[in-house]
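Let's take a friendly walk through this structure, one region at a time. Keep the 3D view open beside the text so that you can pick out each residue as it comes up.

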Protein chains: 2
Amino acid sequence: MAAAVRHDVVRNSDVKSRQSKSIDADGLTGPVEDYLKAIYELATRDGVAATSDVAHALGVAPASVTGMIRRLAAQGLLDYVRYRGVQLTPNGRRAALSTIRRHRVIETYLTRVLGYPWDRVHDEAERLEHAASDALVECMSAAMGHPTADPHGAPIPTRDGRVDEREHRSLAELPLGQRARMVLVSDKNAELLRYLADIALQPGTEVTVTNRAPFDGPITLLVGKKELMVGAPLASQVLVEPIVRAKSTAKKTSPSARKRTRG
Amino acid sequence: MAAAVRHDVVRNSDVKSRQSKSIDADGLTGPVEDYLKAIYELATRDGVAATSDVAHALGVAPASVTGMIRRLAAQGLLDYVRYRGVQLTPNGRRAALSTIRRHRVIETYLTRVLGYPWDRVHDEAERLEHAASDALVECMSAAMGHPTADPHGAPIPTRDGRVDEREHRSLAELPLGQRARMVLVSDKNAELLRYLADIALQPGTEVTVTNRAPFDGPITLLVGKKELMVGAPLASQVLVEPIVRAKSTAKKTSPSARKRTRG
DNA sequence: CCAAAAAGTTAGTCTCAACTAAAATGCGGT
DNA sequence: ACCGCATTTTAGTTGAGACTAACTTTTTGG
């Protein structure tokens, strides 16, 4: 090859910023992002997240959660009072929503564009969300015309951290005969998702509960034209929104379902 | 299968396999994959990889490399003789090529399908390669009709570990006046890639060296219809393949460029 | 209202993958 | 053949993030 030149432009990637642990987009590690996500979800439901709930959600020992919580509180991502549970600070919330946005955009992209199977997309996104940059996620989102919900119906937070936090009732609570539209199911249970795909029940599908056997017995559904029976555990996982006959222009769903789109 | 409820299906993701460190697709950690990739590249060039070269390639201290090499050798991924450098075993080679395949398919997908910028795709792929499953990578590859080279011209290994390992000569070595086609440039230097994009020199582009100033001085190129001058360091990074006038059907490139497609 | 159970925390240990400093080895030149 | 230098390895430390075992605090049921 040539002679002894090549000094400047060529030296590949010399000074490698020297960070020891693998940091992703937010400057947070993968595990940290997972904690923030889990705490976000628990605290949104219950106000504060309990140590053991976080531990269960992440599949780690409670003692590990206490340890991590201390670090995150010291970093200003959590408000923590010993023995009293934990909440996100504004910074923590921002970080959590950013991770959730990445997760959901990725899920949506993989199913919509690549045809990746519904029931496997969660595990894939669970790893990719820690590796994909925000720039890439924006690329994906733009390529789909900025969807607002993922394939399981979960709302996608915006870049500036707004997200639809409405709560929905499940098929287990839906009044008999009330027409409704499925809106959401957890993406975490692959078996459940496969079964729902089998019975053609997905976000957007219209469904009615026609009968409910006593003592949490089988629930009879009308999905499209087909009638079928499901158990109570499944029914409680499938969230729906009643279809309101548009009488007035006022878009009230129900007095109990408070609409709050926080940011 | 209506009746008797289904207590089984619903329990979310209870028993979480309990593995402590974050393992990806191959059952290897991110750092391990990075070492195998680096060793693959160095050992392919030089027979064995030297500790300090691996250290430099990964931006870590030589002592760290020795430590990791011991672990990988114990796992049967490397052949290691103290003070003598290191080589991949067949298993190590398989793992390295699998990671490289993921990297290059991802790079290609991001540029071709998502329009992700040429000079930033390497860093993105560097993180995604550890998170994307082989299944997803096959999806991407299929969506593009199974390309054989990434956007920088690097050959994409096949699933079964075959890869084109031909060596190419650089613009610095190309005889004056010889028409050639650019085939490859390293993806690691973003600045270089931006400049090449500027001058419209990419894999596939036809290029001729029309003059070379003495003492590694400026090199004059003909790219398309435009003439321009580049320095020796750049020229040595741009690899090309001479264009042979198809006289006979025999596809000989050059006696020195030995074609070996190992697997 | 108090004791037992449940939940949470502390203390101490482990592994991975990095580091620095010091010792060992290999090699080129005379 | 040997000296000096570059390369490599060993030894010992560090930090993140997990674990178990033991202890403390809160909650709950009688």
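The paragraphs below go from the DNA strands to the nonpolar cores and then to a sheet.

Before we start, please keep in mind that this is a predicted model. A good place to begin is DNA strand C, which is surrounded by 23 residues. If you want to zoom in, the closest are A:Ser52, A:Ala63, B:Thr29, B:Ala61 and B:Ala63. Four elements give two or more residues each to the surface near this strand: α2 (51-58) and α3 (62-74) of chain A, along with α2 (30-46) and α4 (62-74) of chain B. Which of the elements supplies the largest share of the surface near DNA strand C? That is α4(B), with 5 residues. By residue class, the surface near DNA strand C splits into 11 nonpolar, 8 polar and 4 charged residues.

Now turn to DNA strand D, which has 23 residues around it. Here A:Thr29, A:Ala61, A:Ala63, B:Ser52 and B:Ala63 come nearest. The elements that give two or more residues to the surface near DNA strand D are α1 (30-46) and α3 of chain A, plus α3 (51-58) and α4 of chain B. On this surface α3(A) gives the most, namely 5 residues. The residues near DNA strand D divide into 11 nonpolar, 8 polar and 4 charged.

Let's leave the DNA and look at the cores. The largest nonpolar core holds 30 residues, and those with the most contacts inside it are A:Ile106, A:Leu128, B:Ile106 and B:Leu128. Chain A gives two or more residues to this core from each of α4 (90-112), α5 (121-128) and α6 (134-143), and chain B does so from α5 (90-112), α6 (121-128) and α7 (134-143). To see one of these residues in its setting, select B:Ile106: leaving aside residues up to four places away in sequence, B:Ile106 touches B:Ala125, B:Leu128, B:Glu129, B:Ala132, B:Val137 and B:Met140. There is also a second, separate core of 26 residues, which includes A:Ala43, A:Val86, A:Ala95 and A:Leu97.

Our last stop is a sheet in chain A. Its 6 strands form an open sheet with antiparallel pairing, in the order β4-β9-β5-β6-β7-β8. Which strands lie at the edges? They are β4 (169-170) and β8 (226-230) of chain A, each pairing on one side only. The partner of β8(A) is β7 (residues 219-223) of chain A, and the two pair in the antiparallel sense over 5 bridges. For a single bridge to look at, find A:Thr220, whose bridge partner in β8(A) is A:Met229.

Key
Residues are numbered from 1 along each chain as its sequence is written. Chains are lettered from A and ligands numbered from 1 in the order in which they are written. This is a predicted model: local features need pLDDT of at least 70, side-chain atom pairs count only at pLDDT 80 or more; totals for chains, interfaces and linings use all residues. A residue is near a molecule or strand if its C-beta atom, placed from the backbone, lies within 6 Å of it. Ala, Val, Leu, Ile, Met, Phe, Trp, Tyr, Cys and Pro count as nonpolar, Asp, Glu, Lys and Arg as charged, and the others, Gly among them, as polar. A nonpolar core is a set of buried Ala, Val, Leu, Ile, Met, Phe, Trp, Tyr and Cys residues joined through C-beta atoms within 7 Å. A residue is buried if 20 or more other C-beta atoms lie within 10 Å of its own, exposed if 12 or fewer, and partly exposed in between; C-beta atoms are placed from the backbone. Two residues are in contact if their C-beta atoms, placed from the backbone, lie within 7 Å. Two strands pair if DSSP finds at least two bridges between them.
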